[in-house]
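The following exercises practise the reading of a protein structure together with its ligand. Work through each task before turning to the solution.

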Amino acid sequence: MPVNTFIATAEAVSLTGAKPVFVDVNESDGLIDPKQVESQINSNTRGIIPVHLYGNICDMEKIAKISSRRGLEIILEDCAQAHGSELNGKRVPIGKIGSFSFYPGKSLGAIGDAGCIVCDDEELATIFKNYVDHGRKNGAKYVHDDVGFNFRMDEIQAAIIKIKIPYLSSWLNRKREIASVYDQRLEGVENIKPREGVKHSYHLYVVRSHRRDELQKHLKDREISTGIHYPVPLHLQPAYANLGYKQGDFPVAEKLSKEVLSLPIYPEMTAEQVSRVIEAVNEFNLKE
Ligand SMILES: Cc1ncc(COP(=O)(O)O)c(C=O)c1O
């Protein structure tokens with residue numbers, strides 16, 4: 001899995017008792033680098049977990065080739081940030097299984113914690129449904145095929161998601177419009193672009209600057225909030241100190257962690273608000 005992601009991607013592996021193995025990312029887009037995937041595969045490897053970070057989509061063609069050549073599965077695609085992202089007209093997940101987060105800040109957010117797995121395989125879907133419901137045998141109340149969990153989505157969250165789904169496409173289109181204005185008018189920062197064939201969903205609009213911390217302060221002073229995704233790559237997280245990675249192991253992710261900045265982007269943003277962000281970023285770059 002990529003080292004540039006939210007810790008939840010790795011936690012999902014650790015919580016099964018398996019060991020997450022990290023790989024570096026592409027400098028151009030912060031997504032998992034297929035060449036690095038290949039170099040980390042050994043006889044203990046069970047599968048690959050690509051993360052469609054920011055709403056962009058990983059190079060699934062190369063990753064699928066590697067996984068089939070090496071007899072592995074793409075365990076799932078982490079689509080937590082990629083609701084509605086498309087690759088050549090196909091929505092994520094591109095392969096068999098995708099996991100989504102409906103955390104309130106996501107493009108499709110509940111009013112509390114929620115998420116889902118989607119897959120195109122009836123048998124797997126039944127296993128997932130039973131597992132999140134205490135391993136309960138399909139349709140049975142007190143017969144349990146597996147030791148599972150209570151990961152059921154509560155009905156209030158489900159109702160909110162159901163109400164919001166019809167609006168998702170229009171919200172994503174508005175975010176795409178804002179991103180295109182940013183693309184055209186921002187100066188002095190490098191913007192992370194969609195990969196070829198990708199219709200990005202812009203969960204995050206991420207730029208890079210060598211003076212990222214100063215730029216973030218400059219924007220904060222003007223009451224413009226920004227985020228950093230992510231300031232500490234997974235191999236340097238205290239929680240994963242036991243894996244024995246060290247500073248310098250993943251130079252691209254380490255570099256990006258010091259340069260990336262996520263600018264405000266949400267469907268309700270007005271043209272004036274978008275302009276205010278652009279003017280503030282461009283003003284910073286004139287200050288030099
Ligand atoms: C890439 C990624 N994976 C997984 C998650 C986990 O989602 P949740 O917080 O809903 O468990 C998130 C949420 O922030 C995420 O951004």
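**Exercise 1.** How many cavities of 30 Å³ or more does a search of the whole structure find? Describe the lining of the largest cavity.

*Solution.* The structure is a predicted model.

Step 1. The search of the whole structure finds one cavity of 30 Å³ or more. The volume of the largest cavity is about 30 Å³.

Step 2. Its lining consists of Val3, Asn4, His229, Tyr230, Pro233, Ala253, Leu256, Ser257 and Val260. Helix α8 (residues 251–259) gives the most to this lining, namely three residues.

Step 3. Sorted by class, the lining of the largest cavity holds six nonpolar and three polar residues, and no charged ones.

**Exercise 2.** Which residues surround the ligand? Identify polar side-chain atoms that lie beside ligand atoms, and state the distances.

*Solution.*

Step 1. The shell around the ligand is made of Thr5, Phe6, Ala8, Thr9, Val51, Asp78, Ala80, Gln81, Ser101, Lys106, Ala114 and Tyr230. By class, these shell residues comprise six nonpolar, four polar and two charged.

Step 2. Aspartate 78 places a polar side-chain atom 2.7 Å from a nitrogen atom of the ligand. For glutamine 81, a polar side-chain atom is 2.9 Å from an oxygen atom of the ligand. Serine 101 likewise has a polar side-chain atom 2.6 Å from an oxygen atom of the ligand.

Step 3. On its own, the ligand has 390 Å² of accessible area, and the protein covers 75% of this.

**Exercise 3.** What volume does the second largest pocket have, and which residues line it?

*Solution.*

Step 1. The second largest pocket contains about 190 Å³ of space.

Step 2. The residues that line the second largest pocket are His83, Gly84, Arg91, Val92, Pro93, Phe100, Phe102, Leu108, Cys116, Val118, Ile165 and Leu168.

Step 3. Classification of this lining yields nine nonpolar residues, two polar residues and one charged residue.

**Exercise 4.** Is arginine 212 buried or exposed? Locate arginine 212 in the secondary structure, and describe a polar contact of its side chain.

*Solution.*

Step 1. Arginine 212 belongs to helix α7 (residues 212–221).

Step 2. A residue is called buried when its relative accessible area is under 20%. Arginine 212 has a relative accessibility of 6%, and therefore counts as buried.

Step 3. A polar atom of the arginine 212 side chain lies 3.4 Å from the backbone oxygen of lysine 258.

Notes:
Residues numbered from 1 in each chain as written. Predicted model: local features only at pLDDT ≥ 70, side-chain atom pairs only at ≥ 80, totals over all residues. Heavy atoms only, no water. Near = heavy atom within 4 Å. Polar contact = N/O pair within 3.5 Å; in protein donor to acceptor, adjacent residues only side chain to side chain. Areas by Shrake-Rupley, 256 points an atom, 1.4 Å probe, with all protein chains shown as cover. Nonpolar A, V, L, I, M, F, W, Y, C, P; charged D, E, K, R; others polar. 1 Å grid on protein atoms, 1.4 Å probe; cavity = no way out; pocket = protein on both sides within 12 Å on 5 of 7 lines; lining within 4 Å. Points joined across faces, edges and corners; volume = space filled by probe spheres on them. Helix = DSSP H or I, 4+ residues; strand = E, 2+ residues; numbered from the N terminus. Buried < 20%, exposed > 50% of the residue type's maximum accessible area, 1.4 Å probe, protein only.
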